[in-house]
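Visitor: I should like to go through this structure by way of its side chains. Please show it first, and then take my questions in turn.

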Amino acid sequence: MKKTLKLIGKIVGGLIGLIVILVTAILVIGYSRFNKTYDIDVSGIEIPTDETSIARGKHLAQAVAHCGYCHRTDFSGDIVVNSGGTGIIVAPNLTSGEGGIGVSYSDEDWVRALYHGVNQQGRSVIIMPSLFFNVMSEEDITSIIAYMKTIPPVDNVLPETKPGPLFYALIGAGPLAEEMSGRVIDHDAPFGTAPAEGETPEYGEYLATIGQCRACHGAELAGGQVSRSAPIGPNLTPGGEMGLWDEATFFSVIRIGTHPSGRELDSYMPWKFFANMTDTELRAIRAYLLSLPKLENVMP
């Protein structure tokens with residue numbers, strides 16, 4: 001009996017030791033991934049100052065990319081996550097007010113953050129969807145930056161982002177590693193090309209990508225999610241119920257935030273921002289969604 005108990009004790013002790021080693025390794029990997037720095041040369045990119053570019057940037061930032069969803073509508077920033085295990089994750093104050101990055105960010109810093117997903121310290125941004133913004137043309141990226149440099153200053157001093165052990169573990173184990181845009185973006189790739197504005201599937205795909213539809217609705221937009229920090233969205237292909245909606249219904253859902261059944265859309269759906277898209281943009285997105293293969297629902 002004693003020999004058996006000793007054997008069981010050794011086995012349990014060994015398993016505990018292996019678990020400790022595994023957890024430690026995952027935390028070390030997560031810490032290393034979080035603190036990795038990227039040296040990206042973005043010199044030579046000019047930020048426009050004309051009113052047309054600024055207006056374009058304002059529309060993209062407010063309606064399509066819905067930056068205010070995390071950074072607040074006045075861009076003063078917010079604490080996105082605040083828990084003991086996960087730590088503190090902050091969407092920074094983007095203005096030039098007290099506590100805002102607009103005070104210290106150079107044109108190059110803005111380009112790195114928006115297009116490459118790398119912050120001023122050279123580390124990857126967290127949760128910030130630069131991997132979707134990475135399809136944008138140079139004209140659209142620089143127009144957003146031009147607009148950001150004109151927003152009124154708002155004083156809002158926020159704490160620094162400080163991941164906790166659970167967050168490091170999720171980065172190290174993989175689930176949140178893909179949330180680190182700076183880690184997954186090809187920094188050597190040229191700027192994207194914006195399709196001509198119009199009610200076309202091509203322009204709709206461009207807008208839907210900037211609008212991060214795949215983050216919640218899956219890689220094929222048949223439901224599910226790509227970003228682990230995002231909620232699970234329904235099937236947007238012709239195989240889902242949206243394929244049965246006419247244009248008026250589609251517009252109503254986006255602009256009023258109410259499903260045809262009468263229920264309000266989930267609060268995670270940024271329809272209040274998308275409601276400010278033009279008719280042309282919404283028709284383009286609908287044309288793109290209807291052009292997709294008719295796929296079965298990934299999620300109920």
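**Aromatic pairs, a surface patch and a histidine**

Guide: The model is predicted. A convenient place to begin is Y168, which is buried, with a relative accessible area of 15%.

Visitor: How many aromatic pairs does the count come to?

Guide: Rings of Phe, Tyr and Trp pair if their centres lie within 6.5 Å. By this rule the count comes to 7.

Visitor: Is the pair of F34 and Y168 stacked, tilted or edge-to-face?

Guide: The two ring centres lie 5.8 Å apart, with 75 degrees between the planes. Planes over 60 degrees apart count as edge-to-face. The pair of F34 and Y168 is therefore edge-to-face.

Visitor: How many residues apart are F34 and Y168?

Guide: F34 belongs to helix α1, residues 2-35, whereas Y168 belongs to helix α7, residues 165-173. The pair thus links distant parts of the chain, and the separation is 134 residues.

Visitor: Is F34 buried or exposed?

Guide: The relative accessible area of F34 is 6%. Buried means under 20%. F34 is therefore buried.

Visitor: Which residues form one aromatic cluster with Y31?

Guide: Y168, already described as buried, is one member of this cluster. The residues that join Y31 are F34 and Y168.

Visitor: What is the distance, centre to centre, between F75 and Y147?

Guide: F75 and Y147 form an aromatic pair, with 75 degrees between the planes, and the pair is edge-to-face. The distance from centre to centre is 6.1 Å.

Visitor: Where in the chain do F75 and Y147 lie?

Guide: This pair also links distant parts of the chain, at 72 residues apart. F75 counts as buried at 3% relative accessibility, and Y147 counts as buried at 8%. F75 lies in the loop between α3 (68-71) and β1 (78-83), and Y147 in helix α6 (residues 138-148).

Visitor: Is L15 buried, partly exposed or exposed?

Guide: L15 lies in helix α1 and, with I11, L18 and I21, makes a nonpolar surface patch of about 410 Å². Its relative accessibility is 49%, and the range between 20% and 50% is called partly exposed. L15 therefore counts as partly exposed.

Visitor: With which residues is H217 in contact, leaving aside its neighbours within four places in sequence?

Guide: H217 lies in helix α10, residues 213-217, and is buried, with a relative accessible area of 11%. With those neighbours left aside, the contacts of H217 are A222, G223, G224, G233, P234 and L236.

Technical notes:
Residues numbered from 1 in each chain as written. Predicted model: local features only at pLDDT ≥ 70, side-chain atom pairs only at ≥ 80, totals over all residues. Heavy atoms only, no water. Phe/Tyr/Trp six-rings, centres within 6.5 Å; stacked < 30°, edge-to-face > 60°. Helix = DSSP H or I, 4+ residues; strand = E, 2+ residues; numbered from the N terminus. Buried < 20%, exposed > 50% of the residue type's maximum accessible area, 1.4 Å probe, protein only. Patch = residues over 30% accessible without salt bridge, like charges linked within 9 Å, V, L, I, M, F, W, Y side chains within 5 Å. Areas by Shrake-Rupley, 256 points an atom, 1.4 Å probe, with all protein chains shown as cover. Salt bridge = Lys/Arg side-chain N within 4 Å of Asp/Glu carboxyl O. Contact = heavy atoms within 4.5 Å.
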